[in-house]
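Trainee: I am new to this entry and would like to work through it slowly, one question at a time. Could we look at it together?

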Amino acid sequence: MALFESCRPRGTWIDQLDPRTKLAWMGLMTILALTVSDIKILVFLPLTVLASGLAAGLPFRSFKHPLLILIFTGVQIVILQVLFSTEGQVVAALGPVKVFSGAFSPAWEAFLRLSAMMLATMQFLRWTPPEDLTLWLVTTRVPYRYAMLVGLAMRFLPLMEQELGAIMESQRSRGLPMKNIRQKIKSLIPVALPFLYRSFRRANETALAMELRGFGYNSRRTFLRQLNITLAEIIAIVLMGTVATWNIWLKIESLWL
Amino acid sequence: MEPFVEVFLKKVAFPGDEKPALSGIELRIEKGEFIVITGPAASGKSVLCHCLTGAVPHFYPAFQDGFVRIGDTVLSELSLPRIAGKVGYMMQDPQNQLFSTTVGEDVAFGPGNMGLPRREVRKRVREALEFVGLSGFENRLPETLSGGEAQRVVLAGVFSLKPEFLVLDQPAAELDPAGRKDIYDRLGELSRSGKSTIIMVSERPEELVQHANRYLVMEEGRIVRDSSSPPVQGPYPGIPAIFRKKQTVEPGQEAASLENCTYTYPDGRAGCLDTDLRLFRGQMVALMGLNGSGKTTVAKHFNGLLRPASGTVRVLGREISDIDLHILCRKVGFLFQNPDFQIFAGTVEEEAAFGLKIQRLPPEQITDRVEDVLKGAGLLQMRKVHPHRLSRGQRQMLALASVLAAEPEIVIADEPTAGLNYSQTCQIMDNLARLADEGKAVLLVTHDVMLTACYAHRLVAMHRHRVQLDLPVSQLPVYTTELQKIGLDFSPAFAGWSA
Amino acid sequence: MSMIQQERIVYSLSGTKTFWRTDTRALVGAVILGVVSMLLQQVSIRLDQVIWPPLIILGGIAWATFTGLITLIFRQPAGIIMGETQAFIAIATGLSPVALFFVPANLLSSLAYSVVAQKLSMQKWSHHFIAQLATNIVGNICVAFGLYSILKLPVQVVIISSAVTAGAGIIGATILTKLAVNALRRSGLI
């Protein structure tokens, strides 16, 4: 399954927003996910991210795959805590492993923090066109030769994901078994190396093609669009910044005491 | 008067190589010319292209004795981005030449880098897309383009810089015949309008007679022929297969079959519908059809890469649902279009031995078989060489050799000759034909009507995910209209035949 | 021959010790190899998770190998660009609960590798070992903070798990980086 759905216009208000606003939203969600310690508030974070995504016109199915991964990771976190936590009382014993009651609350907390961060980042990539990110980086005086690499990564990701699949097929067709774990581990090198060779070839060709289309001709270049930020967005960013700073301050204070 | 382009390269050599890549190149090109370069593998065609665009020595460091002058510019004196507006370069794989997330941004890449005013950039994007016939594609994502469309977007991107000199290294090698013709016609128009001077590497110069005015042949780093008529490349050695005795030979036992197979991809795309296909020993079957008609899907059923949603696949008399893929692979060899998807070993011989090592054959047997197949592939001399030092065609021969080393009973070849030149194609196809002669079943997935006419015994044509026609190649002339209806035009093959 | 050309020949022919490399080939290479590294890490970390969730062994080796390989071939800022491309995608795809900590981990470990690679010729096994030692220690310290603060694992567990990942990374990546660089040199692609 594809890791990413590329960003495309959703035909809703989200297309009009400046990338800085979206960035601030992602930053705020991440900082809250890391700093909020009240579980009751923490529960709302991933839900808020999800709701904002749906309101912006991202279809629910685009969250399906990340949610599956989250559940998988959640189970892992529970296993980790069950294995290592020794807080609270023993509630069960699985062979030599004693399960303590204190294992579940940190697991639940970690799961919520992770969900909020992951959904916020994923959402950011789905609703921010890479060109917008490039334009934003250019406004922060990052030279365009670097700023444009963002788009390049997004451009090649789906292509290379397909290629990795084709390489696996190709090696399986030569009789390389990839069924059980041991076989899969043994197949890592025969899969990774052709991918590496191909990618070096690709990098060379792409870099050459870019230079011959004038990449690096001047220190500045013309972009097809320019960013326009509204006053309302600036106010929103300031507000989000204030909330984030305030939470960081609270966190530092609580750690101090 | 001074010619528009002047190339004088006494010697070009890459560090570490014993032989120079180019020597004694003297070339004068007038404005508006359309020149085609051909030549065997590793004859220096691509290196010459690199020199003509400044890629050598600016990007690929090399010792260069001589100069390339375009207009009043000597290329070695300018950096590559500065050369960009003067020379356009298009290479084989379009996907490596698209760098943006939308088609519009991509075409704007060059003019944007030049720092032209935004309005001018937009105008150029519009004009360039119109020129390649892709108006309205501005917001399309590059990975959703077909091979032909992607290459046209690259052309638009190069064209938007309005270069006076265009260098093209096999720009259409991996496209189907219709896609190739489209690109060639547009280039021809460009050269006739006097806007660009064109030099292009192509393995099929005969396809360019309408447009080109001059043909160069290269061998071992030199230009050995410079003429206004295309070099004559023989028809494939098999021609005309329609007369070949083998056509009348009865096929042997059934080797594999698909019965009523239907497959849908996980994302909902149709793969194949209700497909019946039987492969016989001693017979080469050509599986043809337009892009997306389901050929590759069908082929992947024979070695278990895909399992049908309904229907039965039998290989050597057994239903394959209960056979593991890696066991099945010993009986069914699969040769892919791109050898680079599998090559990973440090030497040619290790690469050829890979499949046998997985099977844990005794070392002596592995050595013997590898030596055999490498001899057959003409790679025995290079057994210690790193596979990526081989040319593209040689890498494909190596992939074939490693398939054959496993001594399969059935060989599936999916576009095995795409992007290869004439002699490499013959080499691959002669090997496949020999396998059929030896009593193996061969399935050739191809776009190439000439290959089918010259080598195959039977043609299976697919259209919209179903098998539309299944006939002996000797019957081809009878079915021309039916075949044309599903996009398969055999007239070039018959033209060669009647001549 | 211009200065730039001479510089490029030097880059491609030997492991000359420069810290920076800002040509297009290095920048584009960093991004593309960042995608490669991310995809392969997805595969190997998923395998790790099936084997024994608390320990990241294959993923650690893959991470350290790519950090070393790219930093060695393309220098800086390519090493950092690759690392951050990979970290960001790791967060967005839920690769690991502690993916956020890959951001500082990848930055600092790539710099650590560069510093060692600049001081040593990187021709010997021992040089690769020292470089990987630095990379893995720096990177795993960052991730250890994540294991402690996000997953709330006991300190002892964090130390053991990080030490095992680092140990596997140092040994595995020393071998793989050197073999991969040699293979790429022989293939003529770098």
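The conversation below takes up helices, charged pairs, cysteines and a surface patch in turn, and the model under discussion is a predicted one.

Trainee: How many residues of helix H4 of chain B are buried?

Mentor: The buried residues of H4(B) run through a list that includes Val103(B), Glu105(B), Asp106(B), Phe109(B) and Asn113(B). Their cover includes helices H5 (130-139), H6 (144-147) and H9 (188-211) of chain A, together with helices H5 (118-131) and H6 (147-159) of chain B. The helix, which spans residues 103-113, is therefore largely enclosed by the rest of the structure, the count of buried residues being 11 of the 11.

Trainee: Which residue with a positive phi follows H4(B)?

Mentor: After the helix comes a residue whose phi is near 75°. That residue is Gly115(B).

Trainee: What distance does helix H3 of chain A reach from its first C-alpha to its last?

Mentor: This helix covers residues 61-84 and has 24 residues, for which 34 Å is expected at 1.5 Å a residue. Among its buried residues are Phe63(A), Ile69(A), Leu70(A), Ile77(A) and Leu80(A), and the buried residues pack against helix H2 (39-55), strand S2 (97-100) and helix H4 (104-127) of chain A, as well as helix H2 (24-51) of chain C. The span in the model is close to the expected one, at 35 Å.

Trainee: Which residue of chain A forms a salt bridge with Arg198(A)?

Mentor: Arg198(A) lies in helix H9 and its partner in helix H7 (residues 149-173), so the pair ties together parts of chain A that are 35 residues apart in sequence. Arg198(A) counts as buried at 13% relative accessibility, and its partner is likewise buried, at 5%. The two side chains meet at 3.0 Å, N to O, and the partner is Glu163(A).

Trainee: How many residues apart in sequence are the parts tied together by Arg214(B) and Glu33(B)?

Mentor: The side chains of these two residues meet in a salt bridge of 3.0 Å, N to O, and both residues are buried. Because Arg214(B) lies in strand S9 (residues 214-219) and Glu33(B) in the loop between strands S2 (22-29) and S3 (34-38) of chain B, the parts that they tie together are apart in sequence by 181 residues.

Trainee: How many disulfides are there over all chains?

Mentor: A disulfide requires two cysteine sulfur atoms within 2.5 Å. For Cys261(B), the nearest cysteine sulfur is that of Cys272(B), 6.4 Å away, while for Cys329(B) the nearest is that of Cys261(B), at 17 Å. Neither Cys261(B) nor Cys329(B) is in a disulfide, and the count over all chains is zero.

Trainee: How far apart in space are Met429(B) and Leu451(B), C-alpha to C-alpha?

Mentor: Met429(B) belongs to helix H13 (residues 422-437) of chain B and is buried, with 0% relative accessibility. Beyond its neighbours within four places in sequence, Met429(B) is in contact with residues including Met284(B), Thr417(B) and Leu451(B). Although Met429(B) and Leu451(B) are 22 residues apart in sequence, their separation in space is 8.1 Å.

Trainee: What is the area of the nonpolar surface patch that includes Trp249(A)?

Mentor: Trp249(A) is found in helix H10 (residues 231-256) of chain A and is partly exposed, at 47% relative accessible area. The patch is made by Trp249(A) together with Trp246(A), Ile248(A), Leu250(A), Ile252(A), Trp256(A) and Leu257(A), and its area is about 880 Å².

Definitions and conventions: Residues are numbered from 1 along each chain as its sequence is written. Chains are lettered from A and ligands numbered from 1 in the order in which they are written. This is a predicted model: local features need pLDDT of at least 70, side-chain atom pairs count only at pLDDT 80 or more; totals for chains, interfaces and linings use all residues. Side-chain values use heavy atoms; hydrogens and water are left out. Patches are made of residues with over 30% relative accessible area and no salt bridge: like charges are joined within 9 Å, nonpolar side chains (Val, Leu, Ile, Met, Phe, Trp, Tyr) within 5 Å. Accessible areas come from the Shrake-Rupley method with a 1.4 Å probe; for residues, only the protein chains shown count as cover. A salt bridge is a side-chain nitrogen of Lys or Arg within 4 Å of a carboxyl oxygen of Asp or Glu. Helices (H or I, at least four residues) and strands (E, at least two) are DSSP runs, numbered from the N terminus. Buried means under 20% relative accessible area, exposed over 50%, partly exposed in between (1.4 Å probe, protein chains only). The expected span of a helix is 1.5 Å times one less than its number of residues. Contact means heavy atoms within 4.5 Å.
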